[in-house]
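Open the model in your viewer and keep the selection box handy. We'll go from one stop to the next, picking residues as we go.

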Amino acid sequence: MMYHAESFAKLQFETFFIGYSGSKPVPSLLSLPHVHFLYLSQPPLSLRKLPFLIFAPIKIAQQVLSILYALLWRIPHPPEFILVQNPPSIPTLALVWLVGTLRGSKVIIDWHNLGYSILALNLGSNHIFVKLAKMFEAKFGRSAYAHLFVTRAMHNFLVKEWDLQGLKAVLHDRPPAHFHPANVFETHELFLRISPTLPTTFLPAYDPPASTPLTQVTPDGLPNLRPDRPAVLISSTSWTEDEDFSILLDALSIYEHHAREARGTLPRILMFVTGKGPLREAYMRKARVLQDGDGGDGWQWVRIISTWLEPRDYPLLLGSADLGISLHSSSSALDLPMKVVDMFGCGVPVCALDFACLSELVIEGKNGVIFQNAAGLADRLENLLGGFPNAHELKTLQASFGRVVQPRSLSNSEDEEWGWNSWDDNWTRVVRPLVSPNLHVAR
């Protein structure tokens, strides 16, 4: 949503960004004079300990009042457009429909997933709350000025099942321009900043500022990548039920076993996991047990670091990584993982867990590889990382991001060569004609 807000503001729209406080907005959004932030209030922390069936109605009531106050009173003039991302669906879809009717605003729904499918992860698809949530989402999501879909699969499903009314367009996610492959100077500076958080006994010896675990300054004063550096892998997660982190732990355990027998042909892995979420501590506790071992027989070839990065450092860490991991399985089988989009923007190929519409994003052997289970992921890692840092298969995938070709998302052709475009290019082509039809769009 921050990227949408930035794109609207660049067209000189007075843009009000409504959401919860917490994570810092991206710096480029903060620099725009037409962007205003309206933060929603949240229930007191003491109430969050109540049982779900008691807390949920309180939370919804709080959301209703907070959102209506922002949309009806805190925004000084009736907005021409209200863009809402779904999920969350309850109560947001009903509220924007109501405000759109009262204030004459055009509602645009950005369909990223289906809210009822996420609820079904906890309650089961036959639960009465899930059925009511599905009815709610279908009723208030059916009619809008325009619908944006994160995949063609979601477009086809919702148009058929819910008979959506309004303009419709597929907008595949893309990262903004500041997501790019990191150069060696950026990698050096980043790892100087984060070196206090890194393990001291696992990595090659380094002496800041002359060296980091990945880089070293040469006699001419310029940093270079070290030949003895570990392979840097990265995965971003919300630590929820739709991502089975145990797959990664099991795969890394298999890799650890094989690396011990590989006589130096497999590299050490420094695995970064970014993000926040409810299951983080439980999984990281399991990771620490594996790393420390029982009786001193802990991991020798793999280390996992869970971290939360500032907005300026997240794309730099992605751009410094050698390979990305996606465990996203999709509650609806209709959405795509934004984390992979960010990785691609930084020129990082991905190992991705397979699901129904993944082929709209990950092209086997071109921008990544696909796996089905932990054993498959371990096998992919060994094939891609063998001989690192001169790993032929990994370098072939990385080289695909250097080609500038027509992106597949611009047509329905399955035979078209894979390519990549930016958020600005994609938004200008798909959304700008919907909100500024009289402005010329360069072709």
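One term first: buried means under 20% relative accessible area, exposed means over 50%, and partly exposed is in between, using a 1.4 Å probe and protein chains only. This is a predicted model, so to speak of a local feature we need pLDDT of at least 70, and side-chain atom pairs count only at pLDDT 80 or more, while totals for chains, interfaces and linings use all residues. Numbering starts from 1 along each chain as its sequence is written, and side-chain values use heavy atoms, with hydrogens and water left out.

**Stop 1: strands β1 and β2**

Select residues 15-19, strand β1. Helices (H or I, at least four residues) and strands (E, at least two) are DSSP runs, numbered from the N terminus. Show the side chains and you'll see them alternate: Thr15, Phe17 and Gly19 point to one face and are buried, whereas Phe16 and Ile18 point to the other and are not.

Now add residues 35-39, strand β2, which runs parallel to β1 and is joined to it by 5 bridges. Two strands count as paired if DSSP finds at least two bridges between them. Which residue of β2 is the bridge partner of Ile18? Pick Leu38.

**Stop 2: the open sheet**

Next, colour the strands β3, β4, β5 and β6: these 4 form an open sheet in the order β3-β4-β5-β6, with parallel pairing. At the edges sit β3 (81-86) and β6 (165-170), each pairing on one side only. From one strand to the next the twist averages 20°; the axes behind such angles are lines fitted to C-alpha atoms (for helices, over the stretch in contact), and angles run from 0 to 180 degrees between N-to-C directions.

Zoom in on β4 (residues 106-111) and β5 (residues 143-149), where 4 bridges join the parallel strands. Click Asp110 and look across to Leu148, its bridge partner in β5.

**Stop 3: a nonpolar surface patch**

Switch on the surface and select Phe52, Leu53, Ile128, Phe129, Leu132 and Met135, a nonpolar patch with about 640 Å² of accessible area together. Patches are made of residues with over 30% relative accessible area and no salt bridge; like charges are joined within 9 Å, and nonpolar side chains (Val, Leu, Ile, Met, Phe, Trp, Tyr) within 5 Å. The areas come from the Shrake-Rupley method with a 1.4 Å probe, and for residues only the protein chains shown count as cover.

Which helices supply at least two residues each? They are α3 (52-74) and α6 (128-141), and α6 gives the most, with 4 residues. Leu132 is found in α6 and is partly exposed, because its relative accessibility is 46%.

While you're here, pick Tyr69 in helix α3, partly exposed with a relative accessible area of 48%. Draw a C-alpha to C-alpha distance from Tyr69 to Leu40: they are 9.2 Å apart in space and 29 residues apart in sequence.

**Stop 4: salt bridges**

Side chains of opposite charge can pair when their charged atoms come close. A salt bridge here is a side-chain nitrogen of Lys or Arg within 4 Å of a carboxyl oxygen of Asp or Glu, and the structure holds 11.

- Select Arg226 and Asp228, whose closest N and O atoms are 2.9 Å apart. Arg226 is buried at 6% relative accessibility, whereas Asp228 is partly exposed at 44%.
- Go on to Glu243 and Lys339, with closest N and O atoms 3.1 Å apart. Glu243 lies in the loop between β9 (231-236) and α9 (246-261) and Lys339 in helix α12 (residues 338-345), so the pair ties together parts 96 residues apart in sequence. Glu243 is buried, with a relative accessible area of 7%, and Lys339 is buried with 11%.
- Then take Glu364 and Arg380, 2.8 Å from N to O. Glu364 is in the loop between β13 (350-353) and β14 (368-371), and Arg380 is in helix α13 (residues 374-385), 16 residues apart.
- Finally, select Glu6, Lys10 and Asp424, joined into one network by salt bridges that share partners.

**Stop 5: the cysteines**

How many disulfides does a search of the whole structure find? The count is 0, where a disulfide is a pair of cysteine sulfur atoms within 2.5 Å. Pick Cys351: the closest cysteine sulfur, in Cys346, is 17 Å away, too far for a bond. Cys357 is in no disulfide, with the nearest cysteine sulfur, that of Cys351, 19 Å away. Cys351 is buried at 0% relative accessibility, and Cys357 is buried at 5%.
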